[in-house]
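User: Hi! I've got a model open and would love to talk it through with you. Could you take a look?

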Amino acid sequence: MDVKLRPLFAMTKEAFCMVIAPEHLLVSVLEWFAREDGAGLLCICGNFSRVLSRLDRCCPAFHVRRAFTAHQLLGILEEAECRLIVLEHDPTLYDDAPDLALPVALACADRARNAPLFLLAPRTDPALRRMARGAHRIVCVEQGEVPARRASLRALLVRDQQTLDWGR
Amino acid sequence: MWIFDARATGDGVEFWCREQGSVRHHAVEYTPCFSFSLSDPHLYCGMLDAVEERFGAAECTFETVYGPVDGYRVCAGHRVAEAIERETRYAARLYNVDVRREQRYFAESGLFPCAYPGEPRFTAAFEVPLTSVRITVDAPPRQSSPISQVTVEHERVETFSGSARTVLTGLLECVEVCDPDLILFPHADFWMHRIAEQAEEFGLPMPFSRSGRFRSLGSRSYWSYGRREYRPAALIPDGRMLIDTDQSFVYREGGLRGVLVASRITGLVPNLAARYTPGTLISAYEVGEALRRGIAVPFRKWDAEGLRGCAELRAADRGGMIFQPDAALHVRVAQIDFTSLYPTIIVHHNLSPETVHAPGRKGFLPEVLESLLAFRIATKQQKTLDPSCAGIDRILKWMLVTCFGYTGYKNARFGQIEVHERITGTAREILLRSKGIAEEMGLSVLHGIVDCLWVQGSGVAEFKRRVEEATGILTEREDYDWIVFLPQTDGSGAYNRYYGRLSGGEVKARGILARRRDTPAYIKMMQRDLLAAMGEAKGPADLLGIEDRVRGIYRRYREGLTRADPEDLAIRRRISRLTYAGNCMGGAAVRALQRRGVEVAPGMEVGYVVRDAARLVVDPAWDAGTIDARYYGALVEKAWEEVAFAFRCLHENYNAAIPANSVNT
């Protein structure tokens, strides 16, 4: 499966790609993937997803699994049977297991041989930097001018999400 | 043999017990094994050979909550276990790696602390054959405080005062002579370090430990229910119970018998049970029960939730049900509380990680919580006849409260988020069903929050009976002569802020300033005095009759504010961090304490008095002089507003829906 993230970046199969971009772009990426192949998409996130909560309510359905520990994430990656995986990075998973960042990245690369895997993160952090060693491709999108239409959404992005509350 | 302390040694376990009237010390050899399994062992045959050769790993089948698992047993420590993890790139699933050795020994030997062999664990009636002393250092627990006076209470009261050397010599000799099994000591975890340092400096022996050795428990900052908590480092002597009566949550809530019960049911020695949180206790209880049943305890949390669609996840990921009240004063209201709702749901609905997708089998969690729940229900009934059981009841209540939250905790050994979601889902159905029953019976449901309902109307006794019959869960009833549900800032009813007069005359309040931990003592006193006066009124007419007196109390406190002792205006709160991004009182308090040489750690409780709120200037409570009268005046007003709301309701006839004949029976 060849997928396009943005016109500039063409993603190929068997790739573990890290996408570091402003949150509204990450939301667009997930929505785009869901529209392309919702039935074959698995989204993996942590306890407090900042992307899932901002999806358009018309976004096609897809499967979700949450990992609250890095070990759970490894288990989910091992069990994943899907055509595309989107992993929303949760740095808190590595708070008490910093050594697991690289094994998780290697598991992501391993899993990507069967299904392209996109790791989405709004910013870098120590865990992500360790994981970068296992990634096939890293895409960084800098925060530019936020369109006015998104201004109110940006205000929402500031607060930490506490529960899963879809739709906007 | 009544075991009251134990420790793990290099090759076994040592424990101290009361046996035939004297203290005995036992040392036993005991080397526990850990187990692991691999989904594809052939991938790691080189590593398996090495582990077999060096540590005698053997193939075995062991029990887990999910059923028997084929794997390997290794008699080695946790470093070997972690090396196996790394070698297998975390594919190995390890069990029984980090269980406390003495707890495991007790579980496998059929022993438990603080009880005679064969004695039932789940009972509030038990003997305590310990000798004890109470030590008090007559100084605040601060680095700068000299140890100039110490009081020891045993058969008589002895006070040692003078130079630090004189005081310590007297104290240490007294401990040696008394040779107590139990030492109750406010701020022990602070003072023991000072005492040990100074004893070494003066060349004095430390008879606190019966073996001469001490175990140290490191200081720790941690998050608990959204709050930063701090546990100070502890120096625990061998062979005695040393309880910090001020810092120990379990002791404060449950007293000595509460600590002993926590120890008996978890299998942890009392020195640890007294220092752990209820969450750690329930975790230890589950671990102990697993060991007693021969079930391996997972080292890591790897069993994730199942695959779900977005909509399914959204529907499941919800909390407790709340019916928002009208902000108003209501008369003749009954509160119906479900007893231990969440634990009962776990037991009655067989909710456990292994039963989420296989509901036919008996779950581990329901099985182990059943005994604890039955013990709590029995203790709760018993405490009405025997008030000495109240502490035990509170500890059991805390443990059962946390057992629900623990099912959703990311590192819970026997928890899973889907269990957590099913518990809250079932609780929502129960509250909805109960509301339906109330409305069918013509009762008005004024408010509902997770596990209790406030209803108004006649036939409450029958309502209670029907709810218990429909849900199978016991309930408790409290009757209010009047109750005030306070408003939120937008005027709608607040979910968790109310006060009212119970039919016995006592005033019950929740969520208001008088109940908040960070409210200064002066403000608390004022609000309590106001409510005490209002508690004399049985109904709206009586309330109006005492309004002037209540307003007088308010004026007295408002006018007395500038003469108040600054210590009574101290705001006590836990600091969540040491550096704050923005300017705030918390940051100002940290800086003020650090300037005075206090070592501050996240989770510590600090007390400060606001000197200038606009410029964020605060002083530590013990060093406060002037106060910001305007800042504290606003707090007085805020406390008064919560009380004045009741009178506003009465004057504005805010609540017009009280039928004259609405008497609860």
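User: Let's start with chain B: how many helices and strands does the secondary structure come to?

Analyst: Chain B comes to 19 helices and 27 strands. Helices (H or I, at least four residues) and strands (E, at least two) are DSSP runs, numbered from the N terminus. Before we go on, this is a predicted model, where local features need pLDDT of at least 70, side-chain atom pairs count only at pLDDT 80 or more, and totals for chains, interfaces and linings use all residues. Residues are numbered from 1 along each chain as its sequence is written, while chains are lettered from A and ligands numbered from 1 in the order in which they are written.

User: Thanks! And why is chain B said to be as compact as a globular protein of that length?

Analyst: Because its radius of gyration is 28 Å, close to the 26 Å that the globule rule gives for 665 residues. That radius is taken over C-alpha atoms, and the rule is 2.2 Å times the number of residues to the power 0.38. Along the principal axes, the C-alpha atoms of chain B fill a box of roughly 85 × 70 × 55 Å.

User: What percentage of chain B counts as buried?

Analyst: 42% of the 665 residues. A residue is buried if 20 or more other C-beta atoms, placed from the backbone, lie within 10 Å of its own.

User: Which domains is chain B divided into?

Analyst: Domain 1 covers 33-98 and domain 2 covers 117-292, with bounds from an automatic or database domain assignment. Taken over C-alpha atoms, the centres of these two domains of chain B are 38 Å apart.

User: Switching topic, how many residues does each chain bring to the contact?

Analyst: Chain A brings 20 residues and chain B brings 18. Two residues are in contact if their C-beta atoms, placed from the backbone, lie within 7 Å.

User: Which elements of chain A give two or more residues there?

Analyst: On the side that touches chain B, they are β5 (63-66), α2 (70-79) and α3 (101-111) of chain A. Of these, α2(A) gives the most, with five residues.

User: Nice. In what sense do β5(A) and β17 of chain B pair?

Analyst: Antiparallel, over two bridges, with β17 of chain B spanning residues 308-309. Strands pair if DSSP finds at least two bridges between them. A:Val64 has B:Arg308 in β17(B) as its bridge partner.

User: And within chain B, what do β9(B) and β10(B) form?

Analyst: A hairpin, with three residues between the strands. Five bridges join β9 (residues 149-153) to β10 (residues 157-161) of chain B, and the two run antiparallel. B:Gln149 is bridged to B:Ser161 in β10(B).

Conventions. Buried ≥ 20, exposed ≤ 12 C-beta atoms within 10 Å, placed from the backbone.
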